[in-house]
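Got your viewer ready? Load the model shown here, and let's walk through it one selection at a time.

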Amino acid sequence: MNKHELNVRRHLCPMPVIKTQTAIKDMEPGDELTIIATDPGVKHDIPAWARIHGHELISIEDDEDDIILKLLVCE
């Protein structure tokens, strides 16, 4: 399992989802992607995208300035 990080701070919808989709294309099943964002919409958009595309949401965390999501690449 490899761990990857994607910084989408200051990007608004739909860019965090598009950049997540692009990043995952280069990953293998079992890899973990940490997404760091500031747009509160990612708390709904990325979990919905992950569910549709067969990936697993591990966690969502609201930090003081950021929203941190962790995904497990499943396909």
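How many bridges join strand β1 to β2? Select residues 3-8 for β1: 6 bridges join this strand to β2, and the two run parallel. Strands pair when DSSP finds at least two bridges between them. The strand and helix names are DSSP runs, numbered from the N terminus: helices are H or I with at least four residues, strands are E with at least two.

Before we go on, a word on what you have open: this is a predicted model, where local features need pLDDT of at least 70, side-chain atom pairs count only at pLDDT 80 or more, and totals for chains, interfaces and linings use all residues. Residues are numbered from 1 along each chain as its sequence is written, and side-chain values use heavy atoms, with hydrogens and water left out.

**Stop 1: strand β2 and its partners**

Now select residues 32-37, which make up β2. Of its 6 residues, 6 are buried; buried means under 20% relative accessible area, exposed means over 50%, and partly exposed is in between, using a 1.4 Å probe and protein chains only. In a regular strand, side chains alternate between the two faces of the sheet. Here both faces are covered: E32, T34 and I36 are buried on one side, and L33, I35 and A37 are buried on the other.

To see how β1 lines up with β2, pick out H4, which stands opposite L33. Then try N7, which has I36 opposite. Add residues 15-24, helix α1, to the selection: β1, α1 and β2 together form a right-handed β-α-β unit. Right-handed means that, with the strands pointing away from you, the path from the first strand over the helix to the second runs clockwise.

β2 has another partner to show. Select residues 67-72 for strand β4, which is joined to β2 by 6 bridges and runs antiparallel to it. A37 stands opposite I67 there.

**Stop 2: I35 and the core**

Zoom in on I35, in strand β2. Its relative accessibility is 0%, so I35 counts as buried. Which residues does I35 touch, not counting those up to four places away in sequence? Show L6, V8, T20, I46, I67, I68, L69 and L71; contact means heavy atoms within 4.5 Å. If you draw a distance between the C-alpha atoms of I35 and V8, you should get 7.1 Å, although the two are 27 residues apart along the chain.

I35 is also a good way into the largest nonpolar core, which has 16 residues. Such a core is a set of buried Ala, Val, Leu, Ile, Met, Phe, Trp, Tyr and Cys residues joined through side-chain atoms within 4.5 Å. I24, I35, I46 and L71 touch the most other members. The elements giving two or more residues are β1, α1, β2, α2 and β4, and α2 gives the most, with 4.

Next, centre on I24. Beyond its neighbours up to four places away in sequence, I24 touches L33, W49, H55, L71 and V73.

**Stop 3: H55**

Follow that list to H55, in the loop between α2 and β3. Is H55 buried or exposed? H55 is buried, with a relative accessible area of 12%. A polar atom of the H55 side chain lies 3.2 Å from the backbone nitrogen of C74. Outside its four-place neighbourhood, H55 is in contact with I24, W49, A50, L72, V73, C74 and E75.

**Stop 4: the salt bridges**

Finally, look for charged pairs. A search of the whole structure finds 2 salt bridges, each being a side-chain nitrogen of Lys or Arg within 4 Å of a carboxyl oxygen of Asp or Glu.

Select R9 and D66: their side chains meet in a salt bridge at 3.1 Å, N to O. This pair links distant parts of the chain, with R9 in the loop between β1 and α1 and D66 in the loop between β3 (56-62) and β4, 57 residues apart. R9 is partly exposed at 27% relative accessible area, whereas D66 is buried at 12%. Other contacts of D66 include I36, A37, T38 and E61.

For the other salt bridge, select D62 and K43, whose closest N and O atoms are 3.4 Å apart. D62 lies in strand β3 and K43 in helix α2 (residues 42-52), so the pair ties together parts 19 residues apart in sequence. D62 counts as exposed at 51% relative accessibility, and K43 is partly exposed at 30% relative accessible area.

Definitions and conventions:
Polar contact = N/O pair within 3.5 Å; in protein donor to acceptor, adjacent residues only side chain to side chain.
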